[in-house]
Every structure is written in structure tokens, then in C-alpha cells.
Amino acid sequence: MRLSRYFLPVLKENPSEAQIVSHRLMLRAGMIKQASAGIYSWLPLGFKVLRKLENIIHEEQARAGHIAIQMPIIQSADLWRESGRYDDYGQEMLRMKDRHDRDMLFTPTAEELVTDIFRGHVSSYKDLPLTLYQIQWKFRDEIRPRFGVMRGREFYMKDGYNFDLTKEDALHAYNRHLVTYLRTYERMGLQAIPMRADSGPIGGDNTHEFLVLAETGESEVFYDSAVTDLTFGDRQIDYDSREQCQAILEEFTSKYARTDETHDEALFNQVPEDRRRVARGIEVGQIFYFGTKYSEAMGATVQGPDGKPTPVHMGSHGIGVSRLIGAIIEASHDDKGIIWPEGVTPFHCGIVNLKQGDDEADAACDKLYGALTALGLEPLYDDRNERAGGKFATMDLIGLPWRITVGPRGLKNGVVELTCRRTGESEELSPEAAVTKVAEIYEQIA
């Protein structure tokens, strides 16, 4: 993409309505525009990142054998009355009536809807286990939407639902989801710590939230600092192996890590004093096991091995895709702007032409652009007739991990400048070597 043809409405001044870094930088970088309180239009740069996150989630869900579907954003209230949640959910649910005076609602979550799909098509235990998931827009009518996409009313969410014959099977699904989430967040350049949490209106006894540590987090968290030394890395997992999945759950949840709702001061005091930490965290996902809560209420049964109808055991597993972008920015920025991890960057590399209109500089930039594109990378070429300082400021603001700077002086010596956004370090390389190095960086994270 050439910046002269791209829609990137960056702002030079900090928006007065933005209270936290991620909201401020998303507005300044032209990623979003507020449509109304807590509701945003996603502009091209923000939409590209949203799609990057979505693709990572799809890949990791497929790796674990989970199956994607798409459910509607408008649901019938009748399903929620079956489960008993319609009146209990509260004012966060946006209720409405259609032209036939039927009660409808804008989806805040989809346990009822997916249970209805299941009961209509699955009748035998031989069709289990089954995990269905979607990535879809949701709506919760927050009383005070704030912090941009971190606490909006409309949000993009991955929600998955497992159906299993027994509690033991469902707890394996729970563990399997924990593993997929650890892999997913690390691919996004995040450390998301699983913490024992409260189930809220979803219900169930087993639940962990995944939290990214940040000063602007909405939750107070208490944890053993040893959990921050854990990484999933590139280990290979057999998702059908109960032993492997259980071992990873124990590895990542055996040390103390809890949100304020489930904090136990006595247990926390058993952690060595030098490792006790109290901080703030941003919730980016949650997994639940809630047994037969919905299947019994809604008649989602299968014929068991004994020929008798058996309510299935269920769980739900969510990732806040749109709020993840805010969390990544909160965890990865400086005073110049965003610093995207390579795994989620909207463009792999920026190209800055220091002297637009100079034949040699233009030709070199075009050649770099073509070489990177031929390797399957997406460069963003700033070919605008702007001053160098303005071009650098834009690149720093939007946070591309790598930048290649091209100017007549360097080209006379046969070099361009490759700069790392995170460290600010630059090196002079031939144009061919710069392309090769950028390609190698992204090969390592593929």
C-alpha cells in the first residue's frame, strides 16, 4: 500500500475525550472513529489489525479441532426465557421488539443460541465431543462506556462452546481451551496470565480469566511473580492428550494468580513475600465450565451408551478480539506512539522516501516495495510529498515494527537505513540485505 492512496486520518493533537493511552493512540493513529458512546467505526488501519487477530484465533482454534460457525447478532428472547436468563441478565442487555411485537435482543453472549443449534442436530453420544465457535459482534449496554474499545458497548468477540458427554470430557475441553489461548496470546506478542476468576452471569464453578498486566487495567490482581516467567514457546501439543493438556493447566495455574473477586488473603500470604505482587490487569479472555446448566434447562440431551437420554456437559470460552487491540497498545507503546508486535502489525514494514520526486530515490523505493511484496510481505510506502520529520512521526505513531529509510545520500553509498521501532536502533544495509533481513524476521514468527 502507498500512503498517498491510503485512508489514514492521523491526528496531531491528543483527543480530549481519551483518558487512557490505547484510546488516545487509536484515535490519533486513525484506527477508529467514535460513532456514538461506546460504539466505533473501524477505519482501515484498525480493521487490518482486527483481521490479523481474528486470523490468529481461527488458526489456533482449528489446530485444536474446534469448528467455526456464524450465529446472528439478533436473538429471540424466547430462548433466553427457556434458560431463565432473560429477566436475570439485567440492563446490559439491549432488548427490542420486531414489527410483530416479538421480544428480541442484541446478542451479549450466545449460550442459548448455540444450545438450540446443538439440540436440533445432535442426538447421539457418538457425535461427541463437539466444540463450535464464532467470532461475531456483541452488544452490552454499559452504563458508563469508556476507555475506547477497552470498555465499549459494541465489541468483537470470539465465543466458543463445547459439548461433552461427561464432566471429565468437558474438563478436558476446558484444559484444551486454556492451551489454545496461551498459544494465541503469545503469537500476538502478549503475556496473558490465567487467573482464577468469578463466573458472573455465565455461571459455573470452573473459570479462569486471562489478564494482561497494565496500569490502566480495570481489575485489581494478586499474583506470584513466578507466573510471569512462564512461556508456552513453540512446544508441540497433542490436543487429544488429556495428560498433556492437564499438565499445561497445572503448570500455568498452580502458582497463585487471582482477580480481586476470588482473592484469598490467607492463600496469598503463603507466597514468598518477595514474590507477592498486587497490580492492575486487563481482561482479554475467559474460559468457563458450567456443566449441565443450559442443557438441562433447554433439553439438550443425547442418547448415552446405555440408551438413556443424557444432558450434555458444556463450557464456554471467550476472547475479546476488539479489546485485545487496546490491551496490546497498553502493553506496547512509548511517547511517540504504538509499537506493534510483529505477529499483529497491520503492515510488516514501512518505507520512507526522504526525497520524493528524486528519480534515484523513487526508483529505489519502488524496487524495495516490489521485492517485499514478492516475498508475501505487506509494506506501507510513504510516498507523500511531505517533510522527512512528518513522515517519521507518522511511522512512529502507527507503530510498524520495522522501517526502511531511503535517501539520495545513502543511495550514493549503496545503502538504506533499517530501523527497529521497539529499540530505535538503526543499521545501514544494501537494499537487498534490508529486504532479506525483514523477510527473515517474519519467517521466524510464522
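In the predicted model, strand β22 and strand β23 (residues 426-429) are joined in the antiparallel sense over 4 bridges. The hairpin that these two strands form has 5 residues between them, and within this hairpin Gly 424 adopts a positive phi near 80°. Strand β21 (residues 402-406) likewise pairs with β22 in the antiparallel sense, again over 4 bridges. Of the 5 residues of β22, 4 are buried, so the strand is largely enclosed by the rest of the structure.

Leu 418 illustrates the setting of this strand, since its place is in β22, which spans residues 416-420. With a relative accessibility of 1%, Leu 418 counts as buried, because buried residues are those under 20% relative accessible area. Ile 404 stands opposite Leu 418, whereas in β23 the bridge partner of Leu 418 is Glu 427. When neighbours within four places in sequence are left aside, the contacts of Leu 418 comprise Trp 402, Arg 403, Ile 404, Glu 425, Ser 426, Glu 427, Leu 429, Lys 437 and Val 438. Both bridge partners, Ile 404 and Glu 427, thus recur in this list of contacts. By contrast, the C-alpha atoms of Leu 418 and Met 104 are separated by 55 Å, the two residues being 314 apart along the chain.

Val 438, one of the residues in contact with Leu 418, also takes part in a contact between two helices, in which it belongs to α13. Two packed helices are described by the angle between their axes and the distance between the axes. For helix α10 (residues 359-374) and helix α13 (residues 431-445), the angle is about 30° and the axes lie 10 Å apart. Because angles under 35 degrees count as roughly parallel, α10 is roughly parallel to α13, and the crossing of the two helices is right-handed. On the side of α10 the contact is made by Lys 367, Leu 368, Ala 371 and Leu 372, and on the side of α13 by Pro 431, Glu 432, Val 435 and Val 438. These residues divide into 6 that are nonpolar and 2 that are charged, with no polar residue in the contact of α10 with α13.

Met 104, the residue set against Leu 418 above, falls within the range of strand β6 (residues 103-106), which pairs with β5 in the antiparallel sense over 4 bridges. An open sheet of 3 strands has the order β4-β6-β5, with antiparallel pairing. Its edge strands, each pairing on one side only, are β4 (74-76) and β5 (94-97). Neighbouring strands of this sheet are turned against each other by 35° on average, with direction ignored. Within the sheet, Leu 94 has Phe 106 of β6 as its bridge partner.

Helix α1 (residues 21-28) was also examined for burial, and 7 of its 8 residues are buried, so this helix is largely enclosed by the rest of the structure. The buried residues are Val 21, Ser 22, His 23, Leu 25, Met 26, Leu 27 and Arg 28. The elements against which the buried residues of α1 pack include the strands β1 (32-36), β2 (39-42), β17 (333-334) and β18 (337-338), together with the helices α9 (321-331) and α11 (388-398). Just after α1, Gly 30 takes a positive phi of about 70°.

Technical notes
Residues numbered from 1 in each chain as written. Predicted model: local features only at pLDDT ≥ 70, side-chain atom pairs only at ≥ 80, totals over all residues. Heavy atoms only, no water. Buried < 20%, exposed > 50% of the residue type's maximum accessible area, 1.4 Å probe, protein only. Contact = heavy atoms within 4.5 Å. Axes fitted to C-alpha atoms, helices over the stretch in contact; angles between N-to-C directions. Parallel < 35°, antiparallel > 145°, perpendicular 65-115°, else oblique. Left-handed = near helix turned anticlockwise from the far one by under 90°. Nonpolar A, V, L, I, M, F, W, Y, C, P; charged D, E, K, R; others polar. Pairing = 2+ DSSP bridges.
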